[in-house]
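Let's take a walk through this structure, beginning with one charged pair and working outwards from there. Keep the 3D view open as you read.

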Amino acid sequence: MFLNLRLTALAIAVAPAWARVRVAPRGSPLPSPTNAFGAPIGGASDLPEPTSAPDFANRAKAFAGFDGDRLTVRITNAFGWDLPISYQSNRGSPTIIGNPSTNTFLAGSNTQVVVTRNFAGAIFIGKSFDPANSKIEISFSPPQNYRPGVDVSYVDGYSVPITCSCGGVPVTGCNIPLFLQGRTCPQPGPGDKVICYNPKKVINNGPADPFFQPCQGAAYTYPNDHTANAFGKCDSGDIQCCVGISCPRPGQQHGKRDLEDWGFGNETEIPAGIS
């Protein structure tokens, strides 16, 4: 959904080092908060392909613009494990207010980011630091006439389930634990159930790969999977997102709805051997 992206740092309240537990040990190491502060990570060639955006022009014409100059995204970590979290923004886009660093999102905690007009970018959340992690994509800029836009994207890869709501109504994302739904990941990353890379990231019109298919239309599973886009549904300027299989699902998610439907009980997607 966003073009010409560069990776910058994420705003998050972080506990002291002694209070952090179960920090993700697998995959690429998380950059040091001190070294990462305000610094880009990797070059343009290291970044995933952005999800292409639907044509907003006609839908934006009748909208006078969000009556405010800040957009808030609140996120809850209901996954049950500490998760690396990072931020990516368009070149030329304003940074998140505060511009702090990539860091660890503690299990059971909440965080929020606040962005100003002309912002476009994404929040990446996973079990290791990987630019193909599950992501929340946000826009607060033309050509949408400053109408807030949000979606959850698994176009580059899937790491954790994410959904987002506006006004208490789930509008985008998929809470299905794809690693537990009995289908083989076509391009597994390093580690056990850490990340699955999406082979359909370059197939504009899909359909979704069988591994990603349960979330097709709810989260982006290929570049033009635009049913997953919640443009026009978050005009309050406040977006609530949730990471985990217990998060509320949007109506367009066609897979199983609740944990009891899956029969998982307390089972999670936490990699084997990690407590």
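Which side chain does Arg74 meet in a salt bridge? Its partner is Asp238, with N and O 2.7 Å apart. Keep in mind that this is a predicted model. As a general point, side chains of opposite charge can pair when their charged atoms come close. Here the two partners come from distant parts of the chain: Arg74 belongs to strand E2 and Asp238 to strand E13, with their positions 164 residues apart.

Now look at how much of each partner is accessible. Asp238 has a relative accessible area of 18%, and because the cut-off for buried is under 20%, Asp238 counts as buried. Arg74, at 36%, is partly exposed.

Stay with Asp238 for a moment. Strand E13, where Asp238 is found, covers residues 238–243. Besides Arg74, the Asp238 side chain has a polar contact with the side chain of Gln240, at 2.9 Å. Leave out residues up to four places away in sequence, and Asp238 touches Leu71, Thr72, Arg74, Ser165 and Cys166. One of these, Thr72, stands opposite Asp238.

Let's zoom out to the sheet. Strand E2 spans residues 70–77 and runs parallel to E13, with six bridges joining the two. Both belong to an open sheet of five strands, in the order E5-E2-E13-E10-E11, and the pairing is mixed. At the edges sit strand E5 (110–116) and strand E11 (169–174), each of which pairs on one side only. On average, neighbouring strands in this sheet are turned by 20° against each other, direction ignored.

Step along from Asp238 to Ile239, and the theme moves from charge to the nonpolar interior. In soluble globular proteins, nonpolar side chains tend to be buried together. In this model, the largest nonpolar core has 46 residues. Ile239 is listed with those that have the most contacts inside that core, alongside Ile75, Ile123, Ile125, Ile136 and Tyr154. Setting aside neighbours within four places in sequence, the contacts of Ile239 include Leu71, Thr72, Val73 and Arg74, as well as Val150, Cys164, Ser165, Cys166 and Cys234. Leu71, Thr72, Arg74, Ser165 and Cys166 are also touched by Asp238.

How many salt bridges does a search of the whole structure find? The count is four. One of them joins Asp235 and Arg147, whose closest N and O atoms are 2.8 Å apart. Asp235 sits in the loop between strand E12 (196–197) and E13, while Arg147 sits in the loop between strand E7 (134–140) and strand E8 (149–153), so this pair ties together parts that are 88 residues apart in sequence. Asp235 is partly exposed at 27% relative accessibility, whereas Arg147 is buried at 16%.

Another salt bridge brings the side chains of Asp156 and Lys201 together, at 3.4 Å from N to O. This pair, too, links distant parts of the chain: Asp156 is in the loop between E8 and strand E9 (157–158), and Lys201 is in the loop between E12 and E13, 45 residues apart. Is Asp156 buried or exposed? Asp156 is buried, with a relative accessible area of 3%, while Lys201 is partly exposed at 27%. The pair also has company, as Lys135, Asp156 and Lys201 are linked in a network of salt bridges.

A few backbone details round off the tour. The loop between E12 and E13 also holds Pro207. A cis peptide bond joins Pro207 to Gly206, with omega at about 5°.

Two residues other than glycine also deserve a look for their positive phi. Asn118 has phi near 75° and is found in the loop between E5 and strand E6 (119–125). At a relative accessible area of 40%, Asn118 is partly exposed. Lys193, with phi of about 55°, lies in the loop between E11 and E12. Lys193 is partly exposed as well, with a relative accessible area of 24%.

Technical notes
Residues numbered from 1 in each chain as written. Predicted model: local features only at pLDDT ≥ 70, side-chain atom pairs only at ≥ 80, totals over all residues. Heavy atoms only, no water. Helix = DSSP H or I, 4+ residues; strand = E, 2+ residues; numbered from the N terminus. Polar contact = N/O pair within 3.5 Å; in protein donor to acceptor, adjacent residues only side chain to side chain. Contact = heavy atoms within 4.5 Å. Pairing = 2+ DSSP bridges. Axes fitted to C-alpha atoms, helices over the stretch in contact; angles between N-to-C directions. Buried < 20%, exposed > 50% of the residue type's maximum accessible area, 1.4 Å probe, protein only. Core = buried A, V, L, I, M, F, W, Y, C linked by side-chain atoms within 4.5 Å.
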